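Me: I would like to go through this structure feature by feature. Please give the general idea each time, then the case at hand.

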Amino acid sequence: MRASETMEGTLDLARCGTLLEVLGIYAEGEIRRRLLDMGLVKGARIRVIRKAPLGDPVEIDMNGFFLTLRLEEAKTVKVRLLEAGPFHRHGGPHHGRGRGMGRGRHRWFHRFIRFPETDHS
Amino acid sequence: MTSSKEIRVALAGNPNSGKTSLFNVLVGSNQRVGNFTGVTVEKYEGFRKYRGYKIRFTDLPGTYSLSAYSPEERVARNFILTEKPDLVIHVVDGTNLERNLYLTTQIMDLHIPFVIALNMYDEVKEKNIHIDLTHLERLLGAHIVPTSAVEKTGIQDLLDHIVDTREGTITFRPHKLQYSQELNKLINDLETILSRAKDLNTTLPHSWLGTKLLENDKEVYKLLRDHPIWITLNQYLSKHLEPFKHLTGNDPEIQLTEERYAFIRGALAETVQFPGKRKRDLTDILDTILINRFTGLPIFALIMYLIFTATFRLGEYPMIWIENFFTWISIGLKDILPETLFRSILVDGIIAGVGGVLVFLPNILILFLGISLLEGTGYMARAAFVVDKIMHRVGLHGKSFIPMLTGFGCSVPAFMATRTLKNDADRITTLLIIPFMSCGAKLPVYTLLIGAFFPAHHAGKVLFGIYIFGILVALGSAGFFKKTLFKGESEPFVMELPPYRLPTMQSLLLQMWHKARMYIRKAATVILAASILIWFAGNFPKDNSITQNMDVLKTQIQEKNLSPLETSQALKKIEAKEEALQFEQSYAARLGKALEPAIKPLGFDWRIGVALVSGIAAKEVVVSTMGTIYSIGNQATEESVSLREHLRNDPAYNAAVGLALMVFVLLYVPCIAATVIFHREAGAFKWTFLYFFYTIGVAWIMTFLVYRLMNLIL
């Protein structure tokens, strides 16, 4: 088991390029209904593509379907990190197949990662 | 017997599934747009004659789901459940099956006959996606007809399928979605309880009601809550929900959705083969350019600039042609007809009114060409994505940007453009703040007042300040409405970025045609009537004693032995004076005078009151009315030196009054044409009342503050 398997957080904190697995949704009411209808159910795999130029909303890839949601909605989606983006801070393997922004970017721009970074091995 | 030869068909599907393109191919130009009753959701209807039948198509709004949250979803499902079309064509984007089949699972729950139009089949083949259609048909319990709206393939098959279903050569065998044992038990039990309620007066399938109860569906709750059976249902639910949650670890709503997606993934795994990894396609490449962190905003600004410029700069030419055409007719008629009341009604009332209606058409057509292009290509969603953060600060949606921007040109197309907003709270809020975006017709008023009361080197700053002030009031109002009227009603921003596609010429032209038609049909008559009313108020009653007195003066002048030039100048002066006197005792002026006590605290006298009242006809009329009052003649423009001089030399006015008047004109209720369109788009009188009193109220308060502040400074 790699350490990354235990990395859990909410979608708003995920960095561009990361592959995530949905664990559940905290939201209630309409937001919950919308997110469920869009397929953000347990086990769904999503990749964070990019954030809007002003940092919010965020665009995710759901198996070829591109969805955008505001950070306040993304905050209600509980996720688990499956695969770091192409530029993991600690120089991990580049699994990156992320579109666009995740690619070829200096880590300076990746100020979004807030996952607990325990992977020092 | 035409009705027996008629087949009613509804098209349902996801947004961006090519549903509307397919509808356009199916019915061609035999279509019209209306509204679903009670909501501002557009309803497209059309028909096609085929094999001796008249097939009536209704294009339902695109939805991802059939929950009861958005008006689109409610409309789509209520139409299917209550109008009971003979067949539902469920349009599915073949390149995006996982997303699209989710709606299919909900349609399966409804137990209604439906056929799947597997659209964009040309792209499916191009992408080498192999779909086992027969197997998928078996799993979904519905026939599948591959179609392509772009290449117009499969249309015949679809039409044949519709007629064959009607004639009974094809039968629909409804297929129940198989849920897990736990869920099935809940649904079956609820179904049994509901079917035991003999007096439950509904044609809705009981299992669907049960499913929706488990999904906490508001509408179904409302339906069942007042019924005696509710007690039994409630008892059952409170007894069984906790054990269910304990057993599955989920509440039924989440469990249902998860199982639907599990079913879809299972079905796709069995029937669809993808050609390996997804390749970077055009959409990926375009998005890295169009919405990336650095170029996203500049490109957005450029596209918005282009749309605005095209709408109002390019639109100016046809507007001038229309204006010239109507002036030409008026002059022609004035030459032919004798000077009578009838001529006045015809020329100054009706013809001027018709011209005033048509003059908005170029703007509307160009703007909606632009909007359909943005929506058809897929950029509209990106535009919303790029600016949403700014708009969300004041509680608005990214899509509010285009209507607000259009407001700087003209409120009429701006109000119409709010249709792109699906959520009522967002749409009404945007409608209510558009009046504060300073429209083009207000510019002549500013030019006149700035020229009269401010030195030239401050002119630019004052003008810029007025525009900024309008934006600030708009944003402040948006925040205010969102915090009060629409508290907690903000729609979650969960939006698809569809693949970039080239819209067909047909759909672009049809969109423009629908907008123009709607404007002419629904608004033109009211605007025309209102313009005539305003013309009447400004011209009646006529006081004959004024005319007689002036005639006496005229003959006196003619009797004096003046040079022809002096005579004509003197006569002109008298005519202007006559016009001013006649206007002063007209209904419009009486209203303006009656308003004087209300506007006195703003530094305005009755003359400004009269100008403001006539400004409700159209904002630039404020200038010509002032011209009339000052006996300069109604041809006065913002550039005319004499009007500026008059204002400057009038002891009643100063820079404080000038600025106050600019602020008032900026903020008070838009012209009558815009108000009519507002009412149509907002859809209820309560909103139109709010709009009227809010704009005037804000205008009064702000003007009062500005006037008092200016007096302190000066």
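Reply: The turns below take up the interface, then one residue in it, then the cores. This is a predicted model, in which local features need pLDDT of at least 70 and side-chain atom pairs count only at pLDDT 80 or more, while totals for chains, interfaces and linings use all residues. Residues are numbered from 1 along each chain as its sequence is written, chains are lettered from A and ligands numbered from 1 in the order in which they are written, and side-chain values use heavy atoms, with hydrogens and water left out.

Me: How much area do chain A and chain B bury between them?

Reply: Interface size is often given as the accessible area lost when the parts come together. Here chain A and chain B bury about 4300 Å² between them, 56% of it on carbon and sulfur atoms (accessible area with a 1.4 Å probe, summed over both parts). Of the area that chain A buries against chain B, R33(A), P53(A) and R70(A) supply 17%, more than any other three residues. In contacts (heavy atoms within 4.5 Å), 42 residues of chain A meet 49 of chain B.

Me: How many salt bridges and polar contacts are there between chain A and chain B?

Reply: A salt bridge puts a side-chain nitrogen of Lys or Arg within 4 Å of a carboxyl oxygen of Asp or Glu. There are five between chain A and chain B. D251(B) and R32(A) form a salt bridge through their side chains, at 2.9 Å from N to O. The two chains also have 21 residue pairs in polar contact, both at pLDDT 80 or more (N or O atoms within 3.5 Å, one able to donate a hydrogen and the other to accept it; residues adjacent in sequence count only if both atoms are side-chain atoms).

Me: Is E253(B) buried or exposed?

Reply: Buried means under 20% relative accessible area, exposed over 50%, and partly exposed in between (1.4 Å probe, protein chains only). E253(B) counts as buried because its relative accessibility is 5%. Its side chain makes a polar contact of 3.0 Å with that of R33(A). Beyond four places in sequence, the contacts of E253(B) include R32(A), L36(A) and L214(B).

Me: Which residues touch the most other members of the largest nonpolar core?

Reply: In soluble globular proteins, nonpolar side chains tend to be buried together. A nonpolar core is a set of buried Ala, Val, Leu, Ile, Met, Phe, Trp, Tyr and Cys residues joined through side-chain atoms within 4.5 Å. The largest one has 115 residues, and V412(B), Y519(B), F604(B), L647(B) and M662(B) touch the most other members. Another core, of 92 residues, lies apart from it and includes L69(A) and L110(B).

Conventions. Buried area = accessible area lost by both parts, 1.4 Å probe.
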